[in-house]
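User: Please give me a close look at one part of this protein, and then show me how the surrounding parts connect to it. I am in my first year, so a friendly pace would help.

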Amino acid sequence: MLSALARPAGAALRRSFSTSAQNNAKVAVLGASGGIGQPLALLLKNSPLVSRLTLYDIAHTPGVAADLSHIETRATVKGYLGPEQLPDCLKGCDVVVIPAGVPRKPGMTRDDLFNTNASIVATLTAACAQHCPEAMICIISNPVNSTIPIATEVFKKHGAYDPNKIFGVTTLDIVRANTFIAELKGLDPARVNVPVIGGHAGKTIIPLISQCTPKVDLPQDQLTAVTGRIQEAGTEVVKAKAGAGSATLSMAYAGARFVFSLVDAMNGKEGVVECSFVKSQEADCAYFSTPLLLGKKGIEKNLGIGKISPFEEKMIAEAIPELKASIKKGEEFVKNMK
């Protein structure tokens, strides 16, 4: 009797992420052995949207892949180890997610990661441009405000650039905003949606609480406090982990959420909207995160900033100089690459 009872729970778990007609996405995770990579790979393996999962890292991927391959969902899982195996990992991929790189330690800004992570992202995106030039590229590696410009310039160098297919994953900012606003107002976080625009570091993170659904009213002091908490939430986790890393589990959740939205849209689902840091003409800098309507070929339409409050206007104005500097830093890095 037990086994009969046990089955529906497993089936429910497998249905817990959205399904659609063509559940055949081939997804690669680059940096799959790390703190974000492992839980992200688990969530992807658990999804009926994914038919093939290829995992790349410079250590431990055969073990991670062997472990995940025993899970009773249909995605096939294979691990690839080291640079010589990277091309095979990427061949035929529809979506590539890149959480590779070093995490923050207490006292570090995301920008302190630049030197190490810039090289990693440049190397990995160059391989993508060569071996899966048509794939959607989702970059988690920080500093996102610089790693997206790096990916763009690398793809341009290889003659494979499509601005509609390179995404900086800022979804964790939206997830945090939804959670914190829900806590503040006693709402179900699954029903709250706060667009977060701008970039993905400190004051470049701009939650548009005036556009929250359902509509919420907060006095200015509460609004200032929750905005600050959303902007510094990553640091909150870095401090709490006391040297043992940065946000990995919530980031894996947010990364999976973004990938599932993207795959749903690629499968023809209509009305799929996610915020992401992309090439943009919506603000006074070359890259900017806004709500995007996703489609079969990536970005179908940039929905822009929309109607905002004076408080939010001011945040945008204050974010632009930092965004411009981070973007320039990424572009210069590729220019000066050997």
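Analyst: Let's begin at P214, which sits in the loop between β8 (205-207) and α8. Keep in mind as we go that this is a predicted model. The peptide bond joining T213 to P214 is cis, with omega at about -5°. Follow the chain onward from this loop and you come to α8, which spans residues 220-231.

Now look at what α8 packs against. Its partner is α7, a helix made of residues 171-185, and the two axes come within 9 Å of each other. They cross at roughly 145°, and the crossing of α7 past α8 is right-handed. Which residues meet there? On the α7 side you will find D173, A177, F180, I181, E183 and L184. Across from them, α8 offers Q222, V226, R229 and I230. Sorted by character, the residues of this contact are 6 nonpolar, 1 polar and 3 charged.

Let's stay on α8 and pick out one residue, T227, which belongs to this helix. Is T227 buried or exposed? Its relative accessibility is 3%, so T227 counts as buried. To see what surrounds T227, we set aside its neighbours within four places in sequence, and then find it in contact with P207, I209, F311 and M315. One name in that list helps us step back along the chain: P207 falls within β8, the strand of residues 205-207. Two other names point forward, since F311 and M315 are contacts of T227 and helix α11 covers residues 310-335.

That brings us to α11, where E312 has its place. Why does E312 count as buried? Its relative accessibility is 2%, and the cut-off for buried is under 20%, so E312 is on the buried side. Leaving out close sequence neighbours again, E312 touches I206, P207, L208, I209 and S210. Notice that P207 and I209 appear here for E312, just as they did for T227. E312 also has I197 at 10.0 Å in space, C-alpha to C-alpha, although 115 residues separate them in sequence.

Next, slide along α11 to F333. A search of the whole structure turns up 3 aromatic pairs, and one of them is formed by F114 and F333. Their ring centres are 5.7 Å apart and their planes stand at 85°, so this pair is edge-to-face. F114 belongs to helix α5 (residues 114-131) while F333 belongs to α11, so the pair ties together parts that are 219 residues apart in sequence. How accessible are the two partners? F114 is buried, with a relative accessible area of 5%. F333, at 21% relative accessibility, counts as partly exposed. F114 has another companion as well: K329 lies over the face of its ring, 4.7 Å from the ring centre. You can find a similar arrangement elsewhere, with K156 over the face of Y161 at 5.5 Å from the ring centre.

Just beyond, in the segment after α11, is M337. At 30% relative accessibility, M337 counts as partly exposed. Aside from its close sequence neighbours, M337 is in contact with A122 and K157. M337 and A126 are 211 residues apart in sequence, yet 12 Å apart in space, C-alpha to C-alpha.

To finish, here are some backbone details to look up in the loops. A cis peptide bond also leads from N142 to P143, with omega near -5°, and P143 sits in the loop between β5 (136-139) and α6 (144-157). H60 has a positive phi, near 70°, without being a glycine. It is found in the loop between β2 (50-57) and α3 (61-68), and at 60% relative accessibility H60 counts as exposed. A242 is another non-glycine with a positive phi, about 45°. Its loop runs between α9 (233-241) and α10 (249-266), and A242 counts as exposed at 62% relative accessibility.

Key: Residues are numbered from 1 along each chain as its sequence is written. This is a predicted model: local features need pLDDT of at least 70, side-chain atom pairs count only at pLDDT 80 or more; totals for chains, interfaces and linings use all residues. Side-chain values use heavy atoms; hydrogens and water are left out. Axes are lines fitted to C-alpha atoms, for helices over the stretch in contact, and angles run from 0 to 180 degrees between N-to-C directions. Helices (H or I, at least four residues) and strands (E, at least two) are DSSP runs, numbered from the N terminus. A crossing is left-handed if the near helix is turned anticlockwise from the far one by less than a right angle, and right-handed if clockwise. Contact means heavy atoms within 4.5 Å. Ala, Val, Leu, Ile, Met, Phe, Trp, Tyr, Cys and Pro count as nonpolar, Asp, Glu, Lys and Arg as charged, and the others, Gly among them, as polar. Rings of Phe, Tyr and Trp (its six-membered ring) pair if their centres lie within 6.5 Å; planes under 30 degrees apart count as stacked, over 60 as edge-to-face and the rest as tilted. Buried means under 20% relative accessible area, exposed over 50%, partly exposed in between (1.4 Å probe, protein chains only). A charge sits over a ring if NZ of Lys or CZ of Arg is within 6 Å of the ring centre and within 35 degrees of the ring normal.
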